[in-house]
Amino acid sequence: MDAPHRLGKSVTEKLVTDPASDTENRTDYWKNRSAGWTEAATAAKPNDDTFNLRLIEEVGITPNMDVLDVASGTGDPAITIAGALEIGSVTACDMTSEMLAVAAARAAKLSIINLRIAAGNMNALPFSNSTFDAITSRNGLMFPDDKVGCAREVLRVLKPEGTAGWMVWGPIEANPTFLAVNAGLEKFFSEKFPPRMIRHNLGAPGLLTDVIKEAGFTSAKEIELKQERLINVGDNYFRRAVARTAPHRIGNLTERDWMVLLENVQNACANYLDGDIYRIPVVARLGIGTAGS
Ligand SMILES: C[S@@+](CC[C@H](N)C(=O)[O-])C[C@H]1O[C@@H](n2cnc3c(N)ncnc32)[C@H](O)[C@@H]1O
């Protein structure tokens, strides 16, 4: 039985009906998206580690820990975590093998030897109880319906007194890149590209805390992560964002098509242009849970 909830209603009930989770929580959906994520991950090294480093700090990862990264996809933040370890290891776990293959290729390209990959659904993690010193997850917990059940799985495989941290997107209106990419795609293809609101379903303050507490963690805290990302004109930031958003539409684009499409996206971000630099607001939320003894 769930513990009585401080708002009177279980967070599971509040969050259960995201219609997109039928699609976005399926392996074939993410398998089909992996080409776009491969394109976006060509640099191997993350091109902005600001939030990953904060996640590492808040989870308290130290160089000798064995860490699990859930819904790691193409390896974020696992790649950054690997760089923070000396004798420890990081396991990148995701339900989509095609995404994990990119994580492994990135690690190889960066000569990282302490990153392992493991295929698995976050609702039934393929690990024994009390396996990991610390657990992270970035932009994955929005997708399953049973978020509390998934957080319970993290608690199960976390060692006593270990810490877990989930990063999720803040509200869409606080993250203008999403809307600009969709506006650019709509103009280029002359059709509707509705934003994927499922990405933001844990973006309101308090929801992550509710999930973590309801899962049985002894303590929970939540932090708003905010930054102004500085993107030089000509950087492929917008191209990576388009590739991740519409991987199914980019396969046949010529370089000329890309130029036109990216011009549309950049025009939609014109308000953020300051000289030769786009100053793009990015807002995420970080939920931290500590296990009891
Ligand atoms: C938006 S991507 C984030 C990937 C990576 N953590 C990052 O921040 O770049 C979401 C990932 O969640 C994975 N995913 C979605 N539902 C899942 C589930 N129920 N169990 C495991 N992985 C899941 C997808 O396969 C995908 O790789």
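**Ligand shell.** I started with the ligand in this predicted model. I counted 19 residues around it, and W30, A71, G73, M95 and T96 come nearest. Sorting the shell by class, I got nine polar residues, seven nonpolar and three charged.

**Overall fold.** Next I tallied the secondary structure of the protein: eight strands and 11 helices. I then checked the radius of gyration, which is 19 Å; the globule rule also gives 19 Å for 293 residues, so I'm calling the protein as compact as a globular protein of that length. For the extents, I looked at the C-alpha trace along its principal axes and found a span of about 60 × 45 × 35 Å.

**Burial and contacts.** How much of the protein counts as buried? I get 42% of the 293 residues. I also looked at contacts between residues at least 6 apart in sequence, and 78% of those join residues at least 24 apart.

**Core.** I pulled up the largest nonpolar core, which holds 79 residues. The ones with the most contacts inside it are V67, A82, I135, V154, V168 and V242. I picked V67 for a closer look and left aside its neighbours within four places in sequence. That leaves V67 in contact with I61, I81, G88, V90, F132, D133, A134, I135 and T136. I note that I135 is itself on the list of core residues with the most contacts.

**Helix α7.** V154 from that core list sent me to α7, residues 147–157. Is this helix mostly covered or mostly open? Mostly covered: I find eight of its 11 residues buried. The buried ones are K147, V148, C150, A151, E153, V154, L155 and V157.

How values were computed:
Residues are numbered from 1 along each chain as its sequence is written. This is a predicted model: local features need pLDDT of at least 70, side-chain atom pairs count only at pLDDT 80 or more; totals for chains, interfaces and linings use all residues. A residue is near a molecule or strand if its C-beta atom, placed from the backbone, lies within 6 Å of it. Ala, Val, Leu, Ile, Met, Phe, Trp, Tyr, Cys and Pro count as nonpolar, Asp, Glu, Lys and Arg as charged, and the others, Gly among them, as polar. Helices (H or I, at least four residues) and strands (E, at least two) are DSSP runs, numbered from the N terminus. The radius of gyration is taken over C-alpha atoms; the globule rule is 2.2 Å times the number of residues to the power 0.38. A residue is buried if 20 or more other C-beta atoms lie within 10 Å of its own, exposed if 12 or fewer, and partly exposed in between; C-beta atoms are placed from the backbone. Two residues are in contact if their C-beta atoms, placed from the backbone, lie within 7 Å. A nonpolar core is a set of buried Ala, Val, Leu, Ile, Met, Phe, Trp, Tyr and Cys residues joined through C-beta atoms within 7 Å.
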